[in-house]
Amino acid sequence: MLFFQEVMKRFVLICCVLAFAMMGQLRATIIFSDDFNAENGGVGVLNYSSFANWSVSGGTVDLIGSPGFFDFFPQNGLYVDLDGTSFLAGTLTSIGIPVTPGSYILSFLLAGSQRGDFNTVHVDVSGGLASSTYSLKSNTPLTSETMSFTVLAPTTINLSFHNEGGDNIGLILDNVNVNRVSGVPDSGSTIVFLAIGMFGLGLMGRKFRRLA
């Protein structure tokens, strides 16, 4: 009986270690990042289009924050109002981002206009890789959003953000990042090892309670 208990302990320990080791294999590498703070010499400006990593089409966007216009989030430097001061919201499109086969996560901060209206923004990763729509109330703070997508062959992608409407007040965008996720463990195997480990721990717990 003691021999069986010792074998069971070792088996449970190995299963738990394998499960947590596999979960810990996840690695993320930043392949694109922009916080807009270096734009226009670090000073906000309305109807801005000279972005280093983005183009503006179909309308305008504003570069706002500190120093400059509409400093709603003092700790975040500069950010983008996705509905510029022209009564026509523009589409903000990134430069081409080279990607190789694998899994990716697009992350960004999105906030309400902070000026009393409701806005909707469409976010797309070109090639139909990912698409999502965000509708936020005016007082929504900067909130982290993520979109995941998978690339099957080497290509170049573009990110795009388009605010509906055109009243010069749009959602606020900041800190856009694309991360390549590598070393992703097989979720099925991880779950199996973890389940076996937890089941074994349960059996051992019941055994010890009976002996107590």
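**Group meeting presentation: a predicted model of a 212-residue chain**

I begin with a pair of strands: β8, residues 119–125, runs antiparallel to β9, residues 130–136, and the two are joined over 7 bridges. Within this pairing, V121 has Y134 of β9 as its bridge partner. The hairpin has 4 residues between the strands, and G127 adopts a positive phi near 85° there. Please bear in mind throughout that this is a predicted model.

Let me now place that hairpin in the chain as a whole. The protein chain contains 2 helices and 13 strands. It has 212 residues, of which 40% count as buried. Among contacts with a separation of 6 or more, 75% are between residues 24 or more positions apart. The accessible surface comes to about 10,900 Å², and carbon and sulfur atoms account for 62% of that area.

I turn to the interior. Which residues of the largest nonpolar core touch the most other members? The core has 33 residues, and those with the most such partners are L92, L106, F108, L159, F161, L173 and V176. Several elements give two or more residues to this core, including β4, β6, β7, β12 and β13, together with the hairpin strands β8 and β9. Strand β7 gives the most, with 4 residues. A second, separate core has 7 residues, including I64, Y79, L109 and L142.

L159 deserves a closer look. Leaving out residues up to four places away in sequence, L159 touches F32, W54, L92, T93, S94, I97, L106, D124, V125, V176 and V178.

Next, the charged residues. How many salt bridges does the structure hold? There is 1. The side chains of R115 and D81 form it, at 3.1 Å from N to O. This pair links distant parts of the chain, since R115 belongs to the loop between β7 and β8 while D81 belongs to strand β4, 34 residues apart. Are these two partners buried or exposed? D81 is buried, with a relative accessible area of 0%, while R115 is partly exposed at 23%.

E145 presents another situation. This residue is found in strand β10, residues 143–151. E145 is buried but has no salt bridge, and the nearest side chain of opposite charge, that of K137, is 14 Å away. What, then, is E145 in contact with? Beyond its neighbours within four places in sequence, the contacts of E145 are L106, S107, F108, L110 and Y134. Two of these names have appeared already: L106 and F108 are among the core residues that touch the most other members. A third, Y134, is the bridge partner of V121 in the hairpin with which I began.

I close with some points of backbone geometry. S66 and P67 are joined by a cis peptide bond, with omega about -10°. P67 is found in the loop between β3 and β4.

Where do residues other than glycine take a positive phi? One is Q114, with phi near 65°, and Q114 is found in the loop between β7 and β8. Another is N175, with phi near 50°; N175 lies in strand β13. Q114 is partly exposed, with a relative accessible area of 26%, and N175 is likewise partly exposed, at 29%.

Thank you for your attention.

Terms used:
Residues numbered from 1 in each chain as written. Predicted model: local features only at pLDDT ≥ 70, side-chain atom pairs only at ≥ 80, totals over all residues. Heavy atoms only, no water. Buried < 20%, exposed > 50% of the residue type's maximum accessible area, 1.4 Å probe, protein only. Contact = heavy atoms within 4.5 Å. Areas by Shrake-Rupley, 256 points an atom, 1.4 Å probe, with all protein chains shown as cover. Pairing = 2+ DSSP bridges. Lys, Arg positive; Asp, Glu negative; His and termini not counted. Salt bridge = Lys/Arg side-chain N within 4 Å of Asp/Glu carboxyl O. Core = buried A, V, L, I, M, F, W, Y, C linked by side-chain atoms within 4.5 Å.
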